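Here is a short briefing on a ligand site and its surroundings. Keep the structure open while reading.

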Amino acid sequence: MAFNFDLPFRIDFDLINGLSQQYPSSKRYLSSMKGMYNDEEARARMQAENDQLVYEFYELGAPELPGDIAFGTSIVYPGTVGGEYFMTNGHFHTILETAEVYICLQGEGYMMEENPEGDWDAVPLKPGGAVYCPKRWAHRSINTGKTPLITFFAFRGDAGHNYGIIKELGYKKLIVEKDGKPVVIDNPKRV
Ligand SMILES: O=P(O)(O)OC[C@H]1O[C@H](O)[C@H](O)[C@@H](O)[C@@H]1O
Ligand SMILES: [Fe+2]
C-alpha cells in the first residue's frame with residue numbers, strides 16, 4: 001500500500017520491535033555491506049555461513065521534495081563483524097545542507113556522526129534520547145547492545161543518500177567490542 005503524502009495518513013510501528021504490518025521494510029543483509037566493515041574477510045566468511053539480516057528500515061515513498069518529510073523506523077540487529085558492531089552503512093545527504101533527527105525507542109548504541117572537515121561525534125543512543133544529525137554531518141546507527149537498536153527518524157524528502165565517500169574512505173572512527181565493551185578507535189584505513 002502506497003501512502004499519499006498530500007493527504008493525512010497514519011502508519012503504525014510496533015514500539016517493541018520497530019516493525020510495521022502496513023508496509024514492507026527495506027532490508028540490508030551482510031551481502032549488501034561489502035567493504036563497509038573494517039574486516040572484510042570476516043564479513044565475507046560470515047556471509048558465506050549465513051547471510052544474515054543486519055538492519056531494516058522503512059522508505060514509505062515520501063516525494064523527494066523539500067516540502068515533504070521522509071520518516072520511519074530503523075532496526076539494527078545485535079552482532080559484530082570481526083569485532084565491529086552491526087551498523088547501518090551510514091551516509092551524507094546528497095543535499096549536504098539537510099539535517100535529520102532520530103529518537104531511540106529501544107536498545108543501546110551510538111549515532112556516529114562526521115562532517116566533511118573530519119570532525120566527529122559518537123552520540124549515545126538510548127530509549128527516549130533524541131539525536132540531531134546537523135546539516136553536513138554524515139550519520140550511522142551502531143548497535144552496541146544485545147537487543148535490536150530501534151530508532152524513529154525524519155528528514156527532508158529531497159535530502160537523498162550519498163554513500164560514495166563512506167564506501168571509499170569509511171568513517172574516521174569505528175566502534176569495536178573490547179573485553180565486552182564498546183570502544184571508539186581510529187579507522188585503520190583512514191590515515
Ligand atoms: O541508508 P543507510 O545509511 O544504509 O541507513 C538506512 C536508513 O536508516 C536511517 O534510519 C535513515 O533515516 C534512512 O534514510 C536510511 O536510508
Ligand atoms: Fe540520513
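**Ligand site**

Strand S2 (53-57), strand S6 (100-106) and strand S11 (149-156) each give at least two residues to the shell around ligand 1. The model is predicted. Ligand 1 occupies the largest pocket.

**Shell**

- The shell around ligand 1 counts 13 residues.
- The closest are Tyr55, Gly90, Glu100, His161 and Tyr163.
- By class, 6 shell residues are nonpolar, 6 are polar and 1 is charged.
- Glu100 is among the closest residues, and Glu counts as charged, so Glu100 is the 1 charged residue of the shell.

**Polar contacts and burial**

- The side chain of Tyr163 places an N or O atom 2.4 Å from an oxygen atom of ligand 1.
- For His91, the distance from a side-chain N or O atom to an oxygen atom of ligand 1 is 2.9 Å.
- For Tyr102, a polar side-chain atom lies 3.4 Å from an oxygen atom of ligand 1.
- The cut-off for a polar contact is 3.5 Å, so the Tyr102 distance of 3.4 Å falls within it.
- Ligand 1 taken alone exposes 370 Å².
- The protein buries 98% of that area.

**Aromatic pairs**

- The whole structure holds 11 aromatic pairs.
- One of them joins Tyr102 and Phe153.
- Their ring centres are 6.2 Å apart, and the planes meet at 50 degrees, which makes the pair tilted.
- Tyr102 belongs to strand S6 and Phe153 to strand S11.
- The two residues are 51 residues apart, so the pair links distant parts of the chain.
- Tyr102 thus appears twice here: in the aromatic pair with Phe153, and with a polar side-chain atom 3.4 Å from an oxygen atom of ligand 1.

Key. Residues are numbered from 1 along each chain as its sequence is written. Chains are lettered from A and ligands numbered from 1 in the order in which they are written. This is a predicted model: local features need pLDDT of at least 70, side-chain atom pairs count only at pLDDT 80 or more; totals for chains, interfaces and linings use all residues. Side-chain values use heavy atoms; hydrogens and water are left out. A residue is near a molecule or strand if one of its heavy atoms lies within 4 Å of it. A polar contact is a pair of N or O atoms within 3.5 Å; within protein, one must be able to donate a hydrogen and the other to accept it, and residues adjacent in sequence count only if both atoms are side-chain atoms. Accessible areas come from the Shrake-Rupley method with a 1.4 Å probe; for residues, only the protein chains shown count as cover. On a 1 Å grid over the protein atoms alone, a cavity is a set of points where a 1.4 Å probe fits but cannot get out, and a pocket is an open set with protein on both sides within 12 Å along at least five of seven lines; lining residues have an atom within 4 Å of a point. A molecule sits in a cavity or pocket if more than half of its atoms lie within 2 Å of its grid points. Helices (H or I, at least four residues) and strands (E, at least two) are DSSP runs, numbered from the N terminus. Rings of Phe, Tyr and Trp (its six-membered ring) pair if their centres lie within 6.5 Å; planes under 30 degrees apart count as stacked, over 60 as edge-to-face and the rest as tilted.
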